[in-house]
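Subject: Structure handover

Hello,

Here is the structure we talked about. Please open it first, then read the notes below it.

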Amino acid sequence: MLTISLLIVTVTVAAVFWLDRQTSAPIKKLLEWFPAILFAYVIPASITHLFDLDLASVQIHQWSKEFIIPLAILFVMSALSFRQLKIIGLRPVLLFVIGSLVIAILAPLLVLLSSLFSDQWTQLVLTEQYWKGLVPIVGGWIGGSTSQLVLKEVVECPEGLFLAILVLDNVLVNIWTILMFQMIKRSDQFNVFFGIEDQIQDFVPDEVDLGTSNRNSILMTSMICLLVMLATTFLVKAFLWKIVVLSVVGLLLGNFVRIWNHGLVLKAGGILIILIMAILGLKLNFGGFSLPLSIIGLVVIWLLLHYLFMMLTAKALKLHMAWVPIASMANLGGISTAPAVTAAYNEEWMPHAIVLAILSMVSGTTWGLLTIFLFRWMGG
């Protein structure tokens, strides 16, 4: 299975790069609607679905978590300049926090509003305690699997309900990821519609200069990245702390090492993000809608309203609309998918997506505790 996985990932990455280089009008039109990087997600999923392959537990996923994702974080974060960070400011962080708040309070609020019209929904969610399955969704969306499991134990969610919610969560987040790729490609249209003129200048050249004068910079940057990765792999074991350490070290390297090649690390980071997406695609499952329609409907409305509130917040802040899908994926997707969605619009914004994703990882359990408090206040 490992050999098959490696073959699928290799073919997928090659296909993405081939598509990205095409200049024919039909392919360019397709890529305007369906970004090339999104094929890295759906090609492996399509292959596994077509041939009924279960590749969700092969070794390549562990390699991705232990080495590929951390290295991508180091590359991308070292491409971020303090000047760019200052220009963008705190508005994307504020947008992200509001998105997290909406996720945490919206499910209890929807149940409370529905009780004004019918007791049937209140009976299902509160009396029959289906709300205990909604709480791990908050942890899974904002914080990831660790927060999800912690909140499952805190709220004492029944095992059967938890497993059913996991299926629903997996399917909807996968679909949401695909939708966010579509939405970020339409950010400029939303800016025009809402009259937003927020623009961020590019700091890093799109092409890497391979001239003689730049070779020392490329060599030194590559060697330093390799040494940092080796040291971090041996000294830091916890995934979250590894991500935090590499983010900070990358930021310092990119801003204080004069010879640092920002174009190289940004390009390399983009390549690794495509590789990570291809590996994630091996887990993508198109099936699984076997839950009650009422629960599915609640979670779908929950997602859509989350996005609507974030769009209204971005409009109020006069913030570039590309930050809405970026912040949404930082909330719902995490450290892998948030920068991937961002790369479909502007690779230079990937470090900011990573910062938001880290905030999501460390705050998920806290937001879930707020959801628990609200449901229990309502009588759950």
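Start with tryptophan 302. Leaving aside residues up to four places away in sequence, tryptophan 302 touches Val102, Ile103, Leu106, Ala107, Leu110, Leu134, Ile137, Val138 and Trp141. Keep in mind that this is a predicted model.

Trp302 also stands out in the core. The largest nonpolar core has 117 residues. Within that core, Trp141, Trp302 and Ile335 touch the most other members. So Trp141 appears twice: as a contact of tryptophan 302, and beside Trp302 among the residues touching the most other core members. As background, nonpolar side chains in soluble globular proteins tend to be buried together.

Next, helix α6, which spans 91-114. Proline 92 lies in this helix. Proline 92 has a relative accessible area of 4%, under the 20% cut-off, so it is buried. Its contacts are Leu319, Trp323 and Leu356, again not counting residues up to four places away in sequence. Leucine 356 is 264 residues from proline 92 along the chain, yet their C-alpha atoms are separated by 8.3 Å.

Leucine 112 lies in α6 too. Its relative accessible area is 38%, between the 20% and 50% cut-offs, so leucine 112 is partly exposed.

Leu112 also belongs to a nonpolar surface patch of about 850 Å². The other residues in that patch are Leu109, Leu113, Leu116, Phe117, Phe373 and Trp377. Two elements, α6 and α18 (350-377), give two or more residues each. The largest share, 3 residues, comes from α6.

Now serine 247. Serine 247 sits in helix α13, residues 239-256. Its relative accessibility is 6%, which is under 20%, so serine 247 counts as buried. What does serine 247 touch, not counting residues up to four places away in sequence? The list is Ile73, Met77, Ile354 and Ile358.

Last, the charges. How many salt bridges does the structure hold? The count is 1. Lysine 152 pairs with glutamate 153, and the closest N and O atoms are 3.2 Å apart. In general, side chains of opposite charge can pair when their charged atoms come close. The partners differ in exposure. Lysine 152 is at 9% relative accessibility, so it counts as buried. Glutamate 153 is at 53%, over the 50% cut-off, so it counts as exposed.

Over to you.

Best regards

Key. Residues are numbered from 1 along each chain as its sequence is written. This is a predicted model: local features need pLDDT of at least 70, side-chain atom pairs count only at pLDDT 80 or more; totals for chains, interfaces and linings use all residues. Side-chain values use heavy atoms; hydrogens and water are left out. Helices (H or I, at least four residues) and strands (E, at least two) are DSSP runs, numbered from the N terminus. Buried means under 20% relative accessible area, exposed over 50%, partly exposed in between (1.4 Å probe, protein chains only). Contact means heavy atoms within 4.5 Å. Patches are made of residues with over 30% relative accessible area and no salt bridge: like charges are joined within 9 Å, nonpolar side chains (Val, Leu, Ile, Met, Phe, Trp, Tyr) within 5 Å. Accessible areas come from the Shrake-Rupley method with a 1.4 Å probe; for residues, only the protein chains shown count as cover. A salt bridge is a side-chain nitrogen of Lys or Arg within 4 Å of a carboxyl oxygen of Asp or Glu. A nonpolar core is a set of buried Ala, Val, Leu, Ile, Met, Phe, Trp, Tyr and Cys residues joined through side-chain atoms within 4.5 Å.
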